[in-house]
Amino acid sequence: MLFLPTLSATGRLAFLAATAVLLASGCRPKLSSDTSWAHAAAEFAPNPPAVGRAGLVIGIKDGSGAPVTAPYVQVEGDMGHAGMKPVFAVLKAAGHGRYEGAIDFDMGGDWSLLISGTDSSGRAFSTRVDVPGVRDR
């Protein structure tokens with residue numbers, strides 16, 4: 001038996017039960033959440049982007065370089081500061097793996113865009129684009 005001298009019999013039993021639950025949950029197969037098969041590039045107007053509304057065109061390709069076709073993509077912009085609210089945008093398909101719309105940067109600095117969607121065959125994708133140095137106006 002496992003030696004746990006500072007615990008009562010009830011405490012040892014609770015410890016062993018919790019350990020069993022943790023071990024069992026760690027042994028389950030994990031569902032694949034890898035949606036990194038798509039890669040994106042971003043273009044802004046103005047370029048470089050500044051605080052306020054910026055035109056945004058995202059180009060998305062798969063690993064072989066073929067354009068990814070989806071009706072739209074969702075964009076979540078984040079600076080990674082504690083308490084900072086992300087900004088969101090939905091870009092419409094413009095053909096050949098390009099998506100157009102706008103995003104509102106509410107602060108100057110380094111941003112990251114998480115681009116996600118579902119292609120025409122039903123595969124989910126998610127990829128990140130860094131946007132360094134959004135200018136203050």
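**Note on the predicted model: strands, core and salt bridges**

1. Strand β1 (residues 38-45) and strand β2 (residues 52-62) run antiparallel and are joined by eight bridges. One such pairing places A40 opposite I60, its bridge partner in β2. The connection from β1 to β2 is a hairpin of six residues. The reader should bear in mind that the model is predicted.

2. As to the overall architecture, the protein chain contains one helix and seven strands. In sequence order these elements give the pattern α-β-β-β-β-β-β-β. Of the 137 residues in the protein chain, 29% are buried. The accessible surface of the chain is about 8800 Å², and carbon and sulfur atoms account for 59% of that surface. Among contacts with a separation of 6 or more, 55% are between residues 24 or more positions apart.

3. The loop between β1 and β2 deserves separate attention on account of its backbone. P46 is situated in this loop, and the peptide bond that leads from A45 to P46 is cis, with omega near 5°. P48 also has its place in the loop between β1 and β2. The peptide bond from N47 to P48 is cis, again with omega near 5°.

4. A42 is a residue of strand β1. Is A42 buried or exposed? Neither term applies: its relative accessible area is 25%, so A42 falls in the partly exposed class, which lies between the limits of 20% and 50%. Leaving out residues up to four places away in sequence, A42 touches L56, V57, I58 and V129. The C-alpha atoms of A42 and V131 are 8.5 Å apart, although 89 residues separate the two in sequence.

5. The largest nonpolar core has 26 residues, and I60, F105 and L113 touch the most other members. At least two residues of this core come from each of β1, β2, β3 (72-78), β4 (87-95), β5 (98-105), β6 (109-118) and β7 (124-134). I60, one of the three residues with the most core contacts, is also the residue that pairs with A40.

6. Which residues are in contact with F105, leaving aside its neighbours within four places in sequence? The list comprises F44, P49, A50, V51, G52, A54, W111, L113, V131 and V134. It includes L113, which is itself named with F105 and I60 among the core members that touch the most others. V131 is in the list as well; its C-alpha atom is 8.5 Å from that of A42.

7. How many salt bridges does the structure hold? There are three. Side chains of opposite charge can pair when their charged atoms come close. One of the salt bridges is between R98 and E43, whose closest N and O atoms are 3.4 Å apart. This pair connects distant parts of the chain, since R98 belongs to strand β5 and E43 to strand β1, with their positions 55 residues apart. R98 is partly exposed, at a relative accessible area of 32%. E43 is likewise partly exposed, at 44%.

8. A further salt bridge is formed by R53 and D104, with 3.1 Å between the closest N and O atoms. Because R53 lies in strand β2 and D104 in strand β5, the pair ties together parts of the chain that are 51 residues apart in sequence. R53 has a relative accessibility of 56% and therefore counts as exposed, the limit for that class being over 50%. D104 is partly exposed, with a relative accessible area of 38%.

9. D119 and R123 also meet through their side chains in a salt bridge, at 3.3 Å from N to O. D119 has a relative accessible area of 10% and is therefore buried, that term being reserved for values under 20%. R123, at 40% relative accessibility, counts as partly exposed.

10. A last point concerns H96, which is found in the loop between β4 and β5. Its phi is near 55°, a positive value in a residue other than glycine. With a relative accessibility of 75%, H96 counts as exposed.

Definitions and conventions
Residues numbered from 1 in each chain as written. Predicted model: local features only at pLDDT ≥ 70, side-chain atom pairs only at ≥ 80, totals over all residues. Heavy atoms only, no water. Pairing = 2+ DSSP bridges. Helix = DSSP H or I, 4+ residues; strand = E, 2+ residues; numbered from the N terminus. Buried < 20%, exposed > 50% of the residue type's maximum accessible area, 1.4 Å probe, protein only. Contact = heavy atoms within 4.5 Å. Core = buried A, V, L, I, M, F, W, Y, C linked by side-chain atoms within 4.5 Å. Salt bridge = Lys/Arg side-chain N within 4 Å of Asp/Glu carboxyl O. Areas by Shrake-Rupley, 256 points an atom, 1.4 Å probe, with all protein chains shown as cover.
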